Amino acid sequence: MHRILMISDNPDRSRGLARDLGDEMACEIHDLYGDAPARPADALLADVEDHSAEALDRLRRILAVARRGAPFVVLLRRDTSRARLFGLALGASKTLCAPFDPARVRDAAGLSRPEALDPCSLRSSEEARQFFSTVFVPDGPVTTRVVDTGTDFIAQAVRDTGIRDWVRAVRRFDDATHQHCLLVTGLAAAFARSLGLGERECHRLTKAALLHDVGKIHVPAAILNKPGRLDAAEMAIVRQHPDKGYRMLAGQGFEPEMLAVVRSHHEMLDGSGYPDRLKQDEIPDLVRLVTVCDIYAALIEERPYKPPLPGKEAMAILDGMTGRLDPAVVAAFRPVATAFTPHFPYDA
């Protein structure tokens, strides 16, 4: 769920509007004279009648922590020149005058009510989640035949529903591991189509993405689902998953290129990745493709410790990973990212 931060100098006064906005998304009231918010929000509202220099300074400090490029709307209880100058001084995206209709406030904040998901998208994503739940389990046999079947199903689902609805449907899952794997696989299927690959190559890339995190079934659920950032010891355990996945599939009939993706999808061109600190030409092309899908998916996912990044910001981070990611692969991935970004009200 996307998060609005409403900054108020009178929380009791603001509570009614916050409640109305909360019908569609989380709206948190922050007292202007309280502590700074802990993390950024998807949109910020200022419901402040105190236009003093102190109030302006406090708002600026809060915005420095919580805005990070998010829309910022100043609500004017009284439409005066001083109130409008207050919004201008803060760099507001928009100002709105009372009365405040919730739908109008959401539109101003770039958080219009999302369109309903097609039942086909929901059904397909749920069936894919069930596939992961039943096939990728500790000590369970993972066969090439079963994985090929799952690969074809997800590729067809993405073709039928489109990457936009696939991502929207998968984002609804609470289980972070299933959500991530299905996002990466769907993005890879769309990427293969965008690259104009033939059926065999599309299947190969989608299958590689489906398998890439299989080693996480050997990571304790308490760590995978921890509601916060991992400490150093927990991160060390998570970083074992590429090797565990590789050992799990080796000798089971999987192609060497699939095993390479499972083991090496966290390797970086500059040698800063893991587990083998591979560099440049040591990293196969298929691995490079899946790695970009993997990182992008992680950026647009919501976690208890971070909001999902808008698609444009996630793409900008990929663009900024010069020397670590293959720039040709990043550039080729852009059409996949923009295929759903303009349609997401949260990514406007």
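This report walks through helices, a loop, cysteines and cavities in one structure.

The model is predicted, so bear in mind that local features need pLDDT of at least 70 and side-chain atom pairs count only at pLDDT 80 or more, while totals for chains, interfaces and linings use all residues. Residues are numbered from 1 along each chain as its sequence is written, and side-chain values use heavy atoms, with hydrogens and water left out.

## Two helices with a buried side

Let's start with helix α1. Helices (H or I, at least four residues) and strands (E, at least two) are DSSP runs, numbered from the N terminus. Helix α1 takes in residues 11-21, and its S14, L17, A18 and L21 are buried. They sit on the same side of α1, because the arc they cover around the axis is only 105 degrees. That arc is taken from the directions from the helix axis to the C-beta atoms. As for the wording, "buried" stands for under 20% relative accessible area, "exposed" for over 50%, and "partly exposed" for what lies in between (1.4 Å probe, protein chains only).

Turn to the other side of α1 and you find D12 and R19, which are exposed. What do the buried residues of α1 pack against? Their partners are β1 (3-8), β2 (26-31), β3 (43-47), β4 (72-76) and α4 (102-108). Contact here means heavy atoms within 4.5 Å.

Helix α3 (residues 81-89) can be read in a similar way, with A83, F86 and G87 buried. These cover an arc of only 95 degrees around the axis, which puts them on the same side of α3. The face turned away from that buried side carries S81, R82, L85 and L88, which are exposed. The buried residues of α3 pack against α2 (53-66) and β4. Just after α3 comes G91, with a positive phi of about 75 degrees.

One more helix residue is worth a look: E234, which lies in α11 (residues 232-238). Is E234 buried or exposed? With a relative accessible area of 17%, E234 is buried. Leaving out residues up to four places away in sequence, E234 touches I223, K226 and R229.

## Backbone oddities

Here's some background: most residues other than glycine have a negative phi, and most peptide bonds are trans. The table gathers some places that go the other way.

| Where | Feature | Angle |
|---|---|---|
| A98 to P99 | cis peptide bond | omega about 0 degrees |
| Y274 to P275 | cis peptide bond | omega near 10 degrees |
| R277 | positive phi | phi near 50 degrees |
| Q280 | positive phi | phi near 40 degrees |

P99 is in the loop between β5 (94-97) and α4. The loop between α13 and α14 is home to P275, R277 and Q280. R277 counts as exposed, at 54% relative accessibility, whereas Q280 is partly exposed with a relative accessible area of 44%.

E282 also belongs to that loop between α13 (256-264) and α14 (285-300). Its relative accessible area is 49%, so E282 is partly exposed. Measuring along the chain and through space gives another view of E282: from L259 it is 23 residues apart in sequence and 14 Å apart in space, C-alpha to C-alpha.

## Cysteines on their own

A disulfide is a covalent bond between the sulfur atoms of two cysteines. For this structure, the test is a pair of cysteine sulfur atoms within 2.5 Å. How many disulfides does the structure hold? The count is zero. C97 is in no disulfide, and the nearest cysteine sulfur, that of C27, is 19 Å away. Why is C202 without a bond to C293? The sulfur of C293 is the closest cysteine sulfur to that of C202, but at 12 Å it is too far for a bond. C202 is also buried, with a relative accessible area of 5%.

## Empty space inside

Rolling a probe the size of a water molecule over the atoms shows where empty space is left. Searching the whole structure turns up two cavities of 30 Å³ or more. On a 1 Å grid over the protein atoms alone, a cavity is a set of points where a 1.4 Å probe fits but cannot get out, and lining residues have an atom within 4 Å of a point. Grid points are joined across faces, edges and corners, and a volume is the space filled by probe spheres set on the points.

The largest cavity holds about 60 Å³ of space. Which residues line the largest cavity? They are E267, M268, L269, I283, R288, T291, V292, R324, L325 and D326. This lining divides into five nonpolar, one polar and four charged residues. In that split, Ala, Val, Leu, Ile, Met, Phe, Trp, Tyr, Cys and Pro count as nonpolar, Asp, Glu, Lys and Arg as charged, and the others, Gly among them, as polar.

Definitions and conventions:
1 Å grid on protein atoms, 1.4 Å probe; cavity = no way out; pocket = protein on both sides within 12 Å on 5 of 7 lines; lining within 4 Å.
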